[in-house]
Amino acid sequence: MKQYLLTSAFIMVVLLGSAQKNTLSGIVYDVQTGETLIGATIQVTSLEGKGTATDLNGFFSFPGIEPMSIEIMASFIGYESKTIQVNFNWQHKSFLEIRLKPVSVALGQVTIVELSANQVGDREVETSQHRLTPKSIKSIPTAHNDVFKAMRFLPGVEATEPLSPLVSVRGSDPGENLIMLDGVTIYNPYHFISSSGIFNMQTVKNIDILVGGFGAEYGGRNASVIHISTKDGNEEGIHGEVKPTTVESRMFLEFPVNNKTTMMVGGRLNYDIAGNFILNSNNYFYDVNLSLTHRFNARNRMDIKYFGSKDHTSMNFNNLYKLMGYSLERMGDTLIYKSLLDLDFTWENQWHNNIGTFIWKSVISPKLYFRVQAYASLHDADNFSAFKMKVEDVAFNTSTRFKSKIYDYTAKASLNYIPFFGNELKLGAEYSSYLFANGSQINSVDGVSAEVTPGLLSFFIEDKIKIRQVIIRPGIRISQFNQRKLDYEPRVNLMLGFGTGWKLKAAYGTYYQYIISMNTQELEFNQFLDYYYPLSQVRPSLSYHYIAGLEKKTGKNLEVSLDVYYKDIARTYTFDLLQSQFEAFALSKKVFAGSGKTYGTELLVKGQVQKFSGWASYTLARSTRSFPNIMDGKEYLYDYDHLHTFKGVINFQATERISYSADFMFQSGVPRSIENSLQMFYMYEPITGQMIYSPQFTIDQKNSSRMPWTMQINLGLEKKIVRGFGKDLAGFFHADESYLSVNVRNVLFLRRNVMYYLPMMGFDKYIPLGADYLPSVNIGYTIKF
Amino acid sequence: MRLFLFSIFINILILLALEKPTFAQSYVADTLTINFSSGILKKFPSVLKTLDFRDENPRFVSMFEKKKFLFFPVDQIVLTPKPLTCYFENNLQLNAYPAYQLDIHDFYLHYNESWFNRSVKLNAYMGLSKIDARNDTTYLGIFYYEESKKFKKKDSIAYCYNNLWNRFASGFYSDLSVIVSDSVPNHQTTRYHFRKGQKAAKKNLYISTDVYYGYTFGGIDADIWFSEPEMTQKFKRNPQMFRYLNYGNRQSVGFSAKVSLLNYRINDSWLFQNKHGFIFGFNKWNDVDEAKRTFEELFLFQYALSQRIVYNPLNKSGFIFGVGLMEEASYIIYNDPIFSVGVLFNCAYKF
């Protein structure tokens, strides 16, 4: 009750603070495509220090202007600045549709980094946030134009495993990342074969990542917010991009339907020809994006978006192992070749994602912006992997099957109110109805399945108050999960500006999470997905973020920042799926509560120096966990703990047509449990009448060994084609231009980046297993029209 | 040690960044300026005006890729000191009639360098119009040129370019003289160099399929390539090829980004073609256990050849059909070399 009163009083103070002065508002667009520009700056040239920036919807509002006539300048990185004379009407209002023209690419102007953009989450006040654009992702050779692979090069974001698309943010579990596509929560947005995200980068406008201390607008996750905005469609004409390669083909098209409606269509089909031919496998995936935007007038607009993806994997390595076995036999081997002949390694996966959303955006008044959205986000997965091997008299037989289904139906609305200059109030409400269904089968023994249909109701309010060089943004999020008691999440962000150009930023926040990921990385051969499980019978997981940061823009195009963070994970959960594999316990009985903490410091330099642009960062971090069922509650290093990380991306725009790029990552190895003893489980298989041996390697201490340092350097080249097949193909399709991209991955291939030591019981040996044994070259054309 | 090497790499990047932009630009994109001799075409007795319709810098004639430090690909751009039109025009008085106008639609020199020699190929197509005393313009037709020449490794790039230009210029002068003298351009020399009344043609896109049938195997090729208009009786194109072969106990797939397709025009309707090239591919064995196939036997090394007669009307789009023979020599580790011969049927569409 006390919190409600406080909140109401807070709103009243804000509303009464407004006065009758002129208000300028509007939306900023790209003149060529009609896309709204997020983070464009609007500056009143006659009033020093008066400036604002567009939000996620391209909207800005500027109240409290006294003169009846002013001159403003609209600017955005990569666009020509525009000066506009504004006269206010008798109602003291003016609404503008500002259209900015992209600058032509000239030598030395190309950068892959945006420094001063106001991003999702409000860059002015929020610390620990990064933006990736399609251009910056393209410049990362090893990213293969994929958002999740690109994110690994940001400070605080680490890959969980070399072959997995999952990322851990500041020592958290990958299941603690909130991934949103145009405001829709999307579950497991990953493809299997390419270990990449399901987002076709041709359809993406930009990606904003908040790695900690985010505001009250976002909730339901403990670690980070990854927000992906897709394109709306081109107002000016038909434009698109075709990228055919031997592995996959991508297509993207945007066009006007009429003078008020635009449409965007994108698709990708991956066909694993080599796998299908050599391994007798049937692997493919596809994804489809559709977007329809209708502008009723300058102030009202509606978006309808659909996204769908499917992964089908039926991969069997047995044929390959047989060939290798006969090779070894031919070379004179008498022991291992027989094992390879009998080896059975199978992966069978089926994943689907289907998302439909409706968004209405309205500028109700120059000071009031309203957004309402409804969506359905449906995900299901069925993953089976099996490994059977026989070495002399010891037979290994292990298999897992995990099934997961998540249906999320959500409606949400938010209101931005700017009563006077220097004050921005944001409030919203959200209701989600879920269905979570999970099932597991380990070593052919059926585990239990569970189906839960909880609901989540949330409200948030936050107010950004700007007084000269000080900005404070207090906020609170109130949530009720599964009709239980209310949870309050107070959050506050602070920015102090100093005359020297330095800025001090700080953040504090309480974060609740009502779903957890079933940790299966020690059961599956490679954990590609998060199997979400709702915490409907226990208290939600809880963490507190404490962040302080310093940043300074040094020179025109260079920025340096230092963040120090401490995350107190007061309550977290882990699954012990093996704990009761032979007993029919409910899944809820396999959940164990624990705690943990992560802390660290991140130094980041980004920007542009002459024709070089990019970023480099150093991170010193630590992450620990403690669970009563693991080593009697003793604290241990978490699975994704990297003590030192040095990484970055450099792009060299050599000429207008050629750019070189390089990415690098040097990192402490992760802690792993390297087993030193083997336990065998024996089971009778009634159908075949055989005994099955299930090996379980054991160790008395979790994550006791740290893997060696990993190092990787990758190189890339992109070149506008002047002659040759690509140019002819572009000419045939009447395309504007075509590009050739060449990526050389893993140039340090002689350095084996060990990810695991496989114990060879009985031989007193450990075999180091790495992921980067060979370099690889990837070549492809991109045709733009 | 690796960290030390990496720090050197970073230092080099910083040094490059601190240098002037012009240095960095010249480092990756060298520009060569080569002057052509314009003596022969200056002798042309009538006024010859020239317009450049290329979507390029007016001085641009060639571009090729070089590897700096054996690894970094950089572009070598070749320009002439004056606009290309200056090398065709003869600067006679403009009031002399009949005058002629030359429209350059394409003029490009392809430079190739191998271990032992250099070769340059010239592609040009240019429209010709006649301007009479009343200033009326009559379109006469189009010149097509495709000339290539090999040079020694020690020959300079400027020498190679100049040598080929001189050969082209003298041939063009001779052809131009025949055309303007109203001789009928029907003999062999000008058949491919000048097409009366024809407008500039675009490149043709070919999508082609070869179906093979042999005593022990069957298979299919899929090819795609762009072809400039035929400019000589003998000409070479380079399709990208995907091949699938089925031998009963194994299936093979292979790919080649650049096979060689040699063409010989028999008459206006028929072409003789010889396709050959190295293919690298993979085998899928159906008798893995019976024959104890090994990992090494996954890989296929093949030299493929085929000859066919093709119904391919000159300067017309549409379906193309052909019949001929294919031969292939394959090597698979632990297996005897394999030589196969079969008949082939070709079907393609020329866009």
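In this predicted model, B:Lys316 is an exposed residue, because just 11 other C-beta atoms lie within 10 Å of its own and the limit for counting as exposed is 12 or fewer. Its setting is the loop of chain B that links strand S16 (299–311) with strand S17 (318–331). Along the sequence B:Lys316 and B:Asn267 are separated by 49 residues, while their C-alpha atoms are 14 Å apart in space.

The chain to which this lysine belongs has 351 residues, and 25% of them count as buried. Six helices and 18 strands make up the secondary structure of chain B. Among its contacts with a separation of 6 or more, 61% are between residues 24 or more positions apart.

Chain A can be described in the same terms. Its secondary structure consists of seven helices and 46 strands, and 45% of its 785 residues count as buried. For contacts with a separation of 6 or more, residues 24 or more positions apart contribute 65% in chain A.

A:Asn206 offers a view of the buried part of chain A. This asparagine sits in strand S13 (residues 204–210) and is buried, because 23 other C-beta atoms are found within 10 Å and 20 or more are needed to qualify. Beyond its neighbours within four places in sequence, A:Asn206 has contacts with A:Ile38, A:Arg131, A:Thr133 and A:Ser229. A:Glu35 is 171 residues away from A:Asn206 in sequence, yet the two C-alpha atoms are 12 Å apart.

Helix H5 (residues 318–330) of chain A lends itself to a simple check of length. With 13 residues at 1.5 Å a residue, H5 should span 18 Å, and the 18 Å between its end C-alpha atoms agrees with this; the expected value is 18 Å because the rise is multiplied by one less than the number of residues. The buried residues of this helix are A:Tyr321, A:Lys322, A:Leu323, A:Met324, A:Gly325, A:Tyr326, A:Ser327 and A:Leu328. Their cover comes from both chains: it includes helix H6 (336–342) and strand S20 (344–365) of chain A, along with helix H6 (288–291) of chain B. Just after H5 of chain A comes A:Gly332, with a positive phi of about 105 degrees.

Turning to the strands, chain A has an open sheet of three, arranged in the order S4-S1-S7 with mixed pairing. Strand S4 (59–65) and strand S7 (93–100) are its edges, each pairing on one side only. On average, neighbouring strands of this sheet are turned by 20 degrees against each other, direction ignored. Strand S1 (residues 22–30) runs antiparallel to S4 and is joined to it by five bridges. Within this pairing, A:Leu24 has A:Phe62 of S4 as its bridge partner.

A word on confidence completes the picture. The mean pLDDT of chain A is 82, with 88% of its residues at 70 or more. Two stretches call for care. Over residues 8–19 of chain A, pLDDT stays under 50, and the model has twelve contacts there beyond four places in sequence. Residues 580–584 of chain A also stay under 50, with eight contacts beyond four places in sequence. Where pLDDT is low, predicted coordinates should not be read in detail.

Conventions:
Residues numbered from 1 in each chain as written. Chains lettered and ligands numbered in written order. Predicted model: local features only at pLDDT ≥ 70, side-chain atom pairs only at ≥ 80, totals over all residues. Pairing = 2+ DSSP bridges. Helix = DSSP H or I, 4+ residues; strand = E, 2+ residues; numbered from the N terminus. Axes fitted to C-alpha atoms, helices over the stretch in contact; angles between N-to-C directions. pLDDT = per-residue confidence, 0-100. Contact = placed C-beta atoms within 7 Å.
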